[in-house]
Amino acid sequence: MKKTVLLILCLAIVAGIFIACSQSGGQASGKTYIPLVSKGFQHQFWQAVKQGAEQAARDFDVEINFIGPESESQVDKQMEMLQTELGKKPAALGFAALDSKAAIPLLQQANIPVIAFDSGVDSDIPLTTVSTNNKNAAAMAADKMAEAIGGSGKVAVIVHDQTSRTGIERRDGFLEQMKSRYPDIEVVDVQYGGGDHLRSADIAKAVINGNPDLKGYYGANEGSAIGVVNAVTELGIAGQIIVIGFDSGKLQLDAIRSGLMYGAVQQNPVGMGYRTVEAAVKALKGESLPNHIDSGFVWADKANLDTPEVQAVVYE
């Protein structure tokens, strides 16, 4: 009987410790807990952001948990992940929104410092947003496209989504630049592939088949751009259409080196992850933050791909 009572008491103590850890952010280490809920996890871009966040966690002696849904179309899955992390009572939060509005009710209830990264929230809840200036970067992509096709002709666009700030800004930055500076270039189609290689390739093939005189195609993220590369390869027209992408990753860098892709705008994902954690730590110390922290971007093509400037930000 005594052994039974003792066993029950031991189990109760263990359960109590587990609950306490869960309520304090799930860290047995006792370190400040800062989860980062990302837009995705599978693309090399997000793995590079994770790498930067992990380095910052070591430098600032905090604990992070970098998570995201399998697909960048899974808004509901991201909301579930966000709710789970907030339930752990973290000290602060990093958040890259798939939908710039969907998370607002959850974030309003959190009452902790929120640092947006990559893609902001349509709210003043985040203390700052760590991101590329996506409109300017997309305008650069438009300039490079115009240069490559000789300032006239038809081009098409495929974007990862139309709900996140990155999707909206990378689309609008490209379209607005084309409209204002290149009147002889016609954007014949804008489609959304969810950042998925296969889906984006299918969309691109349909658009190309419907526009045999198409001269250029812009993919607004890694998955979109590789979808276009795959489409032109499968159709046997590699080199006949100028393909411009966004982000790097091994597939895109190989495509640039081989000539399948003309070039791509490069973000700084490692720096983005690092600065997100750094901003959260500063916020917890009571330091003021700017409204936006620019993580930067550069243009990469076959001519400059191996220069120190580009190699500092690409990821493979």
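**Close-up 1. S224 is a buried residue of this predicted model**. The relative accessible area of S224 is 0%, so this serine falls under the 20% cut-off for a buried residue. S224 belongs to helix α8, which covers residues 222-234. Leaving aside residues up to four places away in sequence, S224 touches I158, V159, H160, G195, S200 and G219.

**Close-up 2. Helix α8 is mostly covered**. Of the 13 residues in α8, 10 are buried. Taking the helix from its start, these are E222, G223, S224, A225, I226, G227, V228, V229, A231 and V232. What do the buried residues of α8 pack against? Their partners are helices α2 (44-60), α7 (197-210) and α9 (249-258), together with strands β6 (153-159), β8 (214-219) and β9 (242-246). The length of α8 makes a handy check: at 1.5 Å a residue, its 13 residues should span 18 Å, and the end C-alpha atoms are indeed 18 Å apart, so the two values agree. Just after α8 comes G236, with a positive phi of about 75 degrees.

**Close-up 3. K89 has a positive phi in a loop**. If you like to look at backbone torsions, this view is for you. Most residues other than glycine have a negative phi. K89 is not a glycine, yet its phi is positive, at about 55 degrees. The loop that holds K89 runs between α3 (75-87) and β3 (93-95). With a relative accessible area of 59%, K89 is over the 50% cut-off and therefore counts as exposed.

**Close-up 4. D118 also has a positive phi, and D118 is buried**. Here phi is near 65 degrees, again in a residue other than glycine. D118 sits in the loop between β4 (114-117) and β5 (128-131). Is D118 buried or exposed? Its relative accessible area is 3%, which is under 20%, so D118 is buried.

**Close-up 5. R257 of helix α9 makes a polar contact with D306**. The side chains of R257 and D306 are joined by this polar contact of 3.3 Å. Not counting residues up to four places away in sequence, R257 touches K302, L305, D306, Q311 and E316. At 31% relative accessibility, R257 lies between the 20% and 50% cut-offs, so this arginine counts as partly exposed. For a sense of scale, try R199 as a second marker: R257 and R199 are 58 residues apart along the chain, and their C-alpha atoms are separated by 24 Å.

Note on methods:
Residues are numbered from 1 along each chain as its sequence is written. This is a predicted model: local features need pLDDT of at least 70, side-chain atom pairs count only at pLDDT 80 or more; totals for chains, interfaces and linings use all residues. Side-chain values use heavy atoms; hydrogens and water are left out. Helices (H or I, at least four residues) and strands (E, at least two) are DSSP runs, numbered from the N terminus. Buried means under 20% relative accessible area, exposed over 50%, partly exposed in between (1.4 Å probe, protein chains only). Contact means heavy atoms within 4.5 Å. The expected span of a helix is 1.5 Å times one less than its number of residues. A polar contact is a pair of N or O atoms within 3.5 Å; within protein, one must be able to donate a hydrogen and the other to accept it, and residues adjacent in sequence count only if both atoms are side-chain atoms.
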